[in-house]
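Me: I should like to learn how to read the features of a protein model. May we go through one together, step by step?

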Amino acid sequence: DLYNFRHIGVDTKVHGVIGNPISHSKSPHLYNAAFKSMGFDGVYLPFLVDNVSDFLSTYSSLDFVGYSYTIPHKVDGLRCCDEVDPIAKAIGAISCMIRRPSNGKLIGYNMDYLGAIAAIEERLQDSNGRSMSGSPLYGKLFVVIGAGGAGKALAFGGKQKGARIVVANRTYSKAQELANRVGGKAITLSELENFHPEQGMILANATSVGMEPYIHESLVPKEALKHYSLVFDAIYTPKLTRLLLEAREVGAAIVYGTEMFINQAFVQFERFTRLPAPKQLMRDVLARNT
Ligand code: ATR
């Protein structure tokens, strides 16, 4: 039911996702089902693209609304923008590009971190059992493992919510660089084992450790997880990583990587369409297609 449209016409709003490979992407399923359910005259297409700049110039006359960007084009996509949102610039990658209808300018944003941070905030709010006016991340010690694209996104996102940031990374110099940029502290991976300046910290894994070929590994010994109230893993295949399993076993709240994906899809949908995302429907479609 991916492209089950009654009609595509001149007014149909064109969206898409640019990546390579692209056939695995769940986004077209989510968006097209959402458009259809809302009676919205839009289409969302998967684009298999080798070279972003060639693609954009070939289709320069297409008055598309926006494109999502996925692996490996998040950095190239940024280079093709006319303007880049400050956070995306700091992260060094975009997750979507929106075309300003008045002048055709391409504006790049990174919304990946918004999805992850929203998922963490939601879970913290649930486990506190009350709603708070500020962010539940405010003032918390937020340990981010990884200093690549995902690590940067989480560190900047956490900082924006008022968390105190600690960055741990295999390559220590990268941890230092990122920690400096968010006014935080850098530690080595081996320091994670005995790092517990306080209880109730928040942990996020943004490295590849936990997915193939490191599927049975975790960078934080189980004992050390006792000091965290919530653990998030950006990995979503497998859904339950060793880190999340052990965190759950020691009683921490856990947030799956799939939550980051679905939340960024909601945020991006709302930016593209300026309409509220049909969240339950999109969750159902994702569940049916995974
Ligand atoms: P992404 O865009 O998903 O963040 P990335 O930019 O390639 O991907 O970053 C991968 C992250 O995983 C990095 O922080 C990397 O550490 P280095 O900076 O030292 O390369 C981390 N990483 C990858 N494999 C790892 C491993 N086996 N052990 C520890 N960290 C690892």
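Me: How far apart are the end C-alpha atoms of residues 257–286, and how much of the span is helix?

Reply: In this predicted model, the end C-alpha atoms of that span lie 13 Å apart. Residues 257–286 are 83% helix and 0% strand. An unreviewed UniProt entry annotates this stretch as "domain: SDH C-terminal".

Me: Which feature does UniProt place at residues 17–95?

Reply: The unreviewed entry gives "domain: Shikimate dehydrogenase substrate binding N-terminal" there. Residues 17–95 are 39% helix and 20% strand, and their end C-alpha atoms are 10 Å apart. Such annotations may be inferred rather than shown by experiment.

Me: Which residues make up domain 1 and domain 2 in the domain assignment?

Reply: The assignment gives domain 1 as 13–110 + 262–288, and domain 2 as 113–255. Taken over C-alpha atoms, the centres of domain 1 and domain 2 are separated by 27 Å. Each side brings residues to the contact: 10 from domain 1 and 10 from domain 2. On the side of domain 1 that touches domain 2, α4 (86–91) and α9 (257–273) each supply at least two residues. The residues of that side divide into 5 nonpolar, 4 polar and 1 charged.

Me: How should I read the surroundings of the ligand, and how many residues form them?

Reply: One may ask which residues are closest, which element contributes, and what the chemical character is. The ligand is surrounded by 15 residues, of which Gly-148, Gly-149, Arg-170, Thr-171 and Thr-207 are the closest. Helix α6 (residues 149–160) gives the most to this shell, with 3 residues. By character, the shell comprises 5 nonpolar, 8 polar and 2 charged residues.

Me: Ala-150 lies in helix α6. Is Ala-150 buried or exposed?

Reply: A residue is counted as buried if 20 or more other C-beta atoms lie within 10 Å of its own. Ala-150 has 24 C-beta neighbours inside 10 Å and is therefore buried. Beyond its neighbours within four places in sequence, Ala-150 is in contact with Ala-206 and Ala-234. Ala-150 and Ala-206 are 56 residues apart in sequence, yet 5.5 Å apart in space, C-alpha to C-alpha.

Me: Which residues of helix α8 (residues 242–249) are buried?

Reply: Leu-243, Leu-244 and Ala-247 are buried in α8. They cover an arc of only 95° around the axis, so they lie on the same side of α8. The cover over the buried residues of α8 includes β10 (201–205), β11 (228–233) and β12 (253–255). After α8 comes Gly-251, with a positive phi near 95°.

Me: What is the usual sign of phi, and what is the usual form of a peptide bond?

Reply: Most residues other than glycine have a negative phi, and most peptide bonds are trans. Arg-274, a residue other than glycine, has a positive phi near 60°. Arg-274 lies in the loop between α9 and α10 (279–288), and is exposed, with 8 other C-beta atoms within 10 Å.

Me: Where are cis peptide bonds found here?

Reply: One joins Asn-20 and Pro-21, with omega about 5°. Pro-21 is placed in the loop between β1 (13–19) and α1 (27–38). Another cis bond runs from Glu-212 to Pro-213, with omega near 0°. The loop between β10 and β11 holds Pro-213.

Conventions
Residues are numbered from 1 along each chain as its sequence is written. This is a predicted model: local features need pLDDT of at least 70, side-chain atom pairs count only at pLDDT 80 or more; totals for chains, interfaces and linings use all residues. A residue is near a molecule or strand if its C-beta atom, placed from the backbone, lies within 6 Å of it. Helices (H or I, at least four residues) and strands (E, at least two) are DSSP runs, numbered from the N terminus. Ala, Val, Leu, Ile, Met, Phe, Trp, Tyr, Cys and Pro count as nonpolar, Asp, Glu, Lys and Arg as charged, and the others, Gly among them, as polar. A residue is buried if 20 or more other C-beta atoms lie within 10 Å of its own, exposed if 12 or fewer, and partly exposed in between; C-beta atoms are placed from the backbone. The arc is that of the directions from the helix axis to the C-beta atoms. Two residues are in contact if their C-beta atoms, placed from the backbone, lie within 7 Å. Domain bounds come from an automatic or database domain assignment.
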